[in-house]
Amino acid sequence: MTSFTRDSYGYIIKAFLISPLNRKAFDSFFGICYQSTVGYLRYLKAKGFQLPHEHRTDGDPLADLAIDLLGTFLYSSRDRPFPVIFSYFNKLGYAQPCEADPDDLLHRFTVLLRGHIRQQLARLKVQQAPQIDHLKRRFKEILKDVRFKILPKSRGEEWIYLAQHCDDRRKERPLLPYDELLQIAEKAYLNSRSRTDWCLDIFKLVNEATQYQNLVKKHELLAAIVSVNSKYVEADGLQPVCLPTPVEALLTKTIEEAIVETLSWLKESVLDRFIHKVRIDSEEAERFQQAAEKYLSDLAHTGQTDSLPEYFREVMPEGKRITYLSDYKYVFETTINQAVENFKDRLKKKSTVLKYRDYF
Amino acid sequence: MHPSGKELKRFIENRLDELSVRRIKEHLQQCEFCREFVENYRLFGQSLDDAAEESIPPEALQLADRLYSDALAGRIISLEPLFSKASEPKLHLAADGEKEFRPRVQNLTTLYSENPEVIMRVMRDLDSGEDYLQLISDDPAFSAHVMVQVPELKRELITDDSGQAMLESGFLEVPEKLTWQIKMPEAVFSLEPLVYDPNKTEYAKDIVLETERQDKIKVTFEGKTEGKQISIRILELDGKTDFGQVKVSVSQRHASAFKDIKRDESLSFDLVDTKDVIKVRLYQ
């Protein structure tokens with residue numbers, strides 16, 4: 001078995017999916033699984049993860065860990081060879097791998113393998129996300145600046161506000177809910193270029209939400225920052241280990257069922273309404289449905305999504321992309337947001353995913 | 001607004017036009033978040049590139065062997081007719097001369113499987129009149145010491161290490177109309193020379209072997225006056241002791257033995273060579 005250049009990975013995956021019991025196809029596929037696993041572990045190590053086996057001095061600790069991880073990734077049951085791989089690709093609609101695009105297969109494979117590694121590492125109780133600690137430390141340092149004030153601890157909670165609002169804290173108004181804070185943190189992130197600016201922008205926007213008090217709980221602020229940072233800075237499957245990705249066969253089946261049901265509901269309850277109001281035509285509705293499917297699939301299988309305009313760009317012809325803001329933004333965002341809401345509601349009702357409630 | 005993750009990846013991979021590159025470079029000078037993303041992505045790509053250049057260690061290759069064997073365990077490989085018409089001797093003409101070519105074997109039918117690639121030919125030796133089947137595959141796992149089943153006739157045959165199995169006379173009236181399939185063993189045990197030394201076996205000695213799937217057998221080595229022998233008894237299959245009847249095949253070099261056994265029965269096999277691997281295969 002030799003090493004493979006990364007350019008050939010998609011073709012190797014395709015050959016394996018077509019002939020999994022062909023020894024040459026299997027050996028090549030195993031080779032790229034091994035190389036990808038070691039590469040990903042090396043990356044995690046460089047990012048500060050304390051991986052199992054690191055204390056071992058005999059042999060290569062990352063190779064040992066990769067072997068452990070691949071044992072569960074490529075196992076076969078009595079009924080079926082390689083169920084982790086095939087249940088995933090079948091559910092994604094790759095029942096005919098001959099016709100699949102190798103780049104697409106590589107992307108899907110990468111998502112699956114990294115999800116599996118993260119899941120297994122979580123089971124091995126790997127120290128969770130050292131970069132989160134680093135980020136929190138950075139923000140705690142920023143909050144020590146004289147521009148911020150911290151209210152004395154109450155029941156273990158610290159409250160933070162901008163010093164300039166010292167005399168106008170709108171004490172009579174309700175507290176800012178966490179969901180609102182999360183949206184504010186994301187909006188502030190998109191408009192800032194450094195962590196200090198980001199932190200200041202968050203408080204500026206909090207102050208502009210005049211229906212609430214203009215202070216935030218410190219632990220909620222840090223949680224919101226970590227969440228937004230993970231979404232953007234740690235993109236491409238590099239999200240820290242928090243909760244396992246639900247790729248196990250049964251869960252995948254349930255998720256795929258929920259996606260199909262959601263898309264059907266979306267067409268009847270949302271898209272047809274927009275067509276009726278002449279906000280979009282039926283061809284655009286079909287493309288929006290495709291975008292919703294991609295979005296839900298990314299959300300369900302990776303826990304991460306790109307920005308909404310990215311999905312719009314993927315499904316719409318070039319001529320219509322430039323009028324996104326003026327002609328489509330509202331309809332498209334409403335479509336996707338409603339799809340996500342409906343999808344989550346459906347999952348919460350399915351018994352198979354009850355233990356993963358926190359994930360959703 | 002920050003560039004999207006996809007745009008930044010294209011930037012790192014030099015897949016953007018000049019204008020976009022300039023725009024992203026300007027953005028990166030001001031934005032620590034996107035700089036961090038780019039650093040992450042570069043580090044990630046470098047980690048993958050480094051790993052892709054390394055060879056795979058022997059321990060990982062052993063794992064690959066085990067995973068592949070597990071994938072094959074108990075699988076049924078259906079064989080489809082490639083062409084049904086049996087080859088017939090050509091008509092001999094006077095212009096062909098005196099020496100008539102007379103093949104020693106006749107191909108009765110050919111069957112195949114596409115995934116995995118296996119060819120099975122049902123042949124007749126015209127000299128001896130015996131029929132046999134021949135499995136052909138790049139990977140001996142699909143041809144040597146595998147079980148060929150004909151469900152309509154409730155017949156099962158085990159091929160030898162060259163992929164051949166003899167067929168009883170009269171067994172094949174219309175071979176192309178029968179259903180032929182290969183059944184891979186549920187479990188394979190390998191007794192390496194280091195594990196046993198029959199020359200030192202002056203008395204019976206037991207060894208228990210177990211697979212990761214909780215298939216367990218007991219192998220007893222016996223030194224007898226007529227030669228060295230092993231006997232095999234099944235203890236568990238898939239972790240269960242009430243496994244009913246199991247077909248056991250033992251092979252060493254060209255020799256093999258095959259028998260249906262139950263829990264308290266055993267299969268005996270005369271060793272051919274004291275330095276060669278013995279393979280034990282279980283079929284259910």
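**Close-up views of a predicted two-chain model**

**Figure 1. Strands 13 and 16 of chain B are joined by 5 bridges.** In this predicted model, strand 13 spans residues 246-252 and strand 16 spans residues 278-283 of chain B. The two strands run antiparallel. One bridge pair within this view is B:Val250 with B:Val280, the latter lying in strand 16 of chain B.

**Figure 2. An open sheet of 4 strands in chain B contains strands 13 and 16.** The strand order is 9-16-13-14, and the pairing is antiparallel. Strand 9 (187-191) and strand 14 (255-261) of chain B form the edges, each pairing on one side only. From one strand to the next, the twist averages 15 degrees.

**Figure 3. Helix 3 of chain A packs with helix 4 of chain B.** Two packed helices are described by the angle between their axes and the distance between the axes. Here helix 3 of chain A comprises residues 61-73 and helix 4 of chain B comprises residues 58-72. Their axes are 10 Å apart, at an angle of about 10 degrees. Because angles under 35 degrees count as roughly parallel, helix 3 of chain A and helix 4 of chain B are roughly parallel to each other.

**Figure 4. Residues of both chains form the contact between helix 3 of chain A and helix 4 of chain B.** Helix 3 of chain A contributes A:Ala63, A:Ile67, A:Leu70 and A:Gly71. From helix 4 of chain B come B:Glu59, B:Ala60 and B:Leu63. By class, the residues of this contact comprise 5 nonpolar, 1 polar and 1 charged.

**Figure 5. The contact between the chains takes 46 residues from chain A and 42 residues from chain B.** On the side of chain B that touches chain A, helix 1 (5-12), helix 3 (32-53) and helix 4 of chain B each supply at least two residues. Helix 3 of chain B gives the most to this side, with 14 residues. The side of chain B that touches chain A has 21 nonpolar, 9 polar and 12 charged residues.

**Figure 6. Chain A has a secondary structure of 14 helices and 3 strands.** Of the 360 residues in chain A, 35% are buried. For contacts in chain A between residues at least 6 apart in sequence, 70% join residues at least 24 apart. Helix 3 of chain A, residues 61-73, is the helix that packs with helix 4 of chain B in Figure 3.

Note on methods: Residues are numbered from 1 along each chain as its sequence is written. Chains are lettered from A and ligands numbered from 1 in the order in which they are written. This is a predicted model: local features need pLDDT of at least 70, side-chain atom pairs count only at pLDDT 80 or more; totals for chains, interfaces and linings use all residues. Axes are lines fitted to C-alpha atoms, for helices over the stretch in contact, and angles run from 0 to 180 degrees between N-to-C directions. Angles under 35 degrees count as roughly parallel, over 145 as roughly antiparallel, 65 to 115 as roughly perpendicular and the rest as oblique. Two residues are in contact if their C-beta atoms, placed from the backbone, lie within 7 Å. Ala, Val, Leu, Ile, Met, Phe, Trp, Tyr, Cys and Pro count as nonpolar, Asp, Glu, Lys and Arg as charged, and the others, Gly among them, as polar. Two strands pair if DSSP finds at least two bridges between them. A residue is buried if 20 or more other C-beta atoms lie within 10 Å of its own, exposed if 12 or fewer, and partly exposed in between; C-beta atoms are placed from the backbone.
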